[in-house]
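Q: Could we go through this structure together? I would like to start with the surface and then move inward.

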Amino acid sequence: MGLYSLITGRRGPSGFGSASTAEEVTQGIDATHLTAIITGGTGGIGLETARVLSKRGAHVVIGARNMRAAENAKTEILRQNANARVTLLHLDLSSFKSIKAFVREFHALHLPLNLLINNAGVMFCPYQLSEDGIELQFATNHIGHFLLTNLLLDTMKSTAKTSGVEGRILNLSSVAHIYTNQEGIQFDSINDICSYSDKRAYGQSKLANILHANELSRQFLEEGVNITANSVHPGLILTNLFQHTALLMRFLKFFSFYLWKNIPQGAATTCYVALHPNVKGVTGKYFADCNEVTPSKLARDETLAQKLWDFSVKLINSVSKKNYLGFDETT
């Protein structure tokens with residue numbers, strides 16, 4: 001899907017395009033048998049995704065750092081759909097402690113898990129470290145979701161096996177994944193303040209989202225697990241993600257308004273990949289405007305994806321002082 005398709009809204013092979021909305025791409029789909037976790041579902045495209053999945057009948061569990069915003073989001077969803085099933089749990093993806101607590105609370109609900117939508121993120125932050133000592137954008141956008149996903153995998157695998165329904169994992173990435181360092185991921189200097197660039201750090205984390213989904217997909221295929229893993233680029237949408245560059249983004253939007261989407265359009269690709277029957281069995285792919293597209297060369301590097309996986313496991317285990325992921329250390 002090129003620039004012409006983005007500007008004109010021309011539909012691609014899926015039958016949808018940049019102008020399609022989340023409600024349109026899920027029209028007629030019954031999701032009453034599904035349980036979905038959405039991180040960061042309190043505003044912007046996360047809230048729209050939660051609203052539309054709820055409208056289609058799914059039980060939506062929203063993981064949110066700001067519980068007041070989460071309550072407001074739930075109230076809005078219920079205002080539009082009194083029958084919506086929405087559960088709120090606290091989740092700070094920059095904190096291992098919070099992630100583990102979220103998983104414990106979710107398991108205590110004794111719910112199945114069909115969909116995991118790794119939507120939350122931070123963008124263009126000034127340099128800072130998470131409470132676990134990891135550069136914040138990498139910690140929140142990749143490592144947090146990596147840990148969360150792995151701690152939920154047994155539940156997803158069990159659900160897929162007992163229900164016979166395909167599980168789906170979605171990582172929200174970005175076209176910004178192309179703007180990173182020459183080697184893709186700075187494994188040896190993740191926390192280096194001297195070389196820190198807020199834009200490249202964001203691009204690095206978004207590249208990691210794609211590589212993570214691709215490696216998950218490879219492992220699922222190898223294991224014969226009935227779960228898919230894909231990544232999506234939602235498009236350019238002016239949301240709270242741009243809080244650190246709001247004035248600049250508004251200025252750029254004024255001169256490039258034809259490239260930007262509204263929130264219902266921005267949530268469309270996520271909802272399409274999460275629910276549409278046309279995506280059944282499709283895994284390890286990158287989507288934009290509700291169609292498969294080709295990401296950067298680095299994003300398609302299988303060796304880099306496996307290296308990132310091993311690095312992520314080692315990083316989490318070293319911070320935690322123990323191998324609580326249960327994985328074998330890679331030598």
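Q: Is Tyr 179 buried, exposed or partly exposed?
A: In this predicted model, Tyr 179 is partly exposed, because its relative accessible area of 40% lies between the 20% limit for buried and the 50% limit for exposed.

Q: Where does Tyr 179 sit in the chain?
A: Tyr 179 belongs to the loop between β5 (167–172) and α7 (198–223).

Q: Which residues form a nonpolar patch with Tyr 179?
A: Val 175 and Ile 178 join Tyr 179 in a nonpolar patch on the surface. Together the three have about 290 Å² of accessible area.

Q: Moving inward, how many residues of strand β2 are buried?
A: Six of the six residues of β2 (residues 59–64) are buried, so the strand is mostly covered. On one side these are His 59, Val 61 and Gly 63, and on the other Val 60, Ile 62 and Ala 64. Both faces of β2 are therefore covered.

Q: Which strands does β2 pair with?
A: Strand β1 (residues 35–39) runs parallel to β2 and is joined to it by five bridges. Strand β3 (residues 85–90) also pairs with β2 in the parallel sense, over six bridges.

Q: Which residues stand opposite each other there?
A: Between β1 and β2, Ile 37 stands opposite Val 61. Between β2 and β3, Gly 63 has Leu 89 as its bridge partner.

Q: And what do the helices make with these strands?
A: Helix α3 makes a right-handed β-α-β unit with β1 and β2. Helix α4 (residues 67–80) makes a right-handed β-α-β unit with β2 and β3.

Q: Is α3 largely enclosed or open?
A: Helix α3 is largely enclosed by the rest of the structure, because nine of its twelve residues are buried. Among them are Ile 45, Gly 46, Ala 50, Val 52 and Leu 53, and also the charged-group residues Glu 48 and Arg 51.

Q: What span should α3 have, and what does the model give?
A: At 1.5 Å a residue, the twelve residues of α3 (residues 44–55) should span 16 Å. The end C-alpha atoms are 17 Å apart, which agrees with that expectation.

Q: What follows α3?
A: Gly 57 follows α3, and its phi is positive, near 105°.

Q: A change of topic: how many salt bridges are there?
A: The structure holds ten salt bridges. One of them joins Arg 11 and Glu 24, with the closest N and O atoms 2.8 Å apart. This pair links distant parts of the chain, 13 residues apart: Arg 11 is in the loop between α1 (3–8) and α2 (22–25), while Glu 24 is in helix α2.

Q: Are those two buried or exposed?
A: Each falls in between: Arg 11 is partly exposed at 45% relative accessible area, and Glu 24 is partly exposed at 31%.

Q: What about Glu 215 and Arg 218?
A: Their side chains meet in a salt bridge at 2.7 Å, N to O. Both residues lie in helix α7, three residues apart, about one turn of the helix. An α-helix has 3.6 residues a turn, so residues three or four places apart point the same way.

Q: Which of the two is buried?
A: Glu 215 is buried, because its relative accessibility is 3%. Arg 218, at 30%, counts as partly exposed.

Q: Which residues do shared salt bridges join into one network?
A: Glu 23, Glu 48, Arg 51 and Lys 55 are joined into one network by salt bridges that share partners.

Technical notes: Residues numbered from 1 in each chain as written. Predicted model: local features only at pLDDT ≥ 70, side-chain atom pairs only at ≥ 80, totals over all residues. Heavy atoms only, no water. Helix = DSSP H or I, 4+ residues; strand = E, 2+ residues; numbered from the N terminus. Expected span 1.5 Å × (residues − 1). Buried < 20%, exposed > 50% of the residue type's maximum accessible area, 1.4 Å probe, protein only. Patch = residues over 30% accessible without salt bridge, like charges linked within 9 Å, V, L, I, M, F, W, Y side chains within 5 Å. Areas by Shrake-Rupley, 256 points an atom, 1.4 Å probe, with all protein chains shown as cover. Salt bridge = Lys/Arg side-chain N within 4 Å of Asp/Glu carboxyl O. Pairing = 2+ DSSP bridges. Right-handed = clockwise from strand over helix to strand, strands pointing away.
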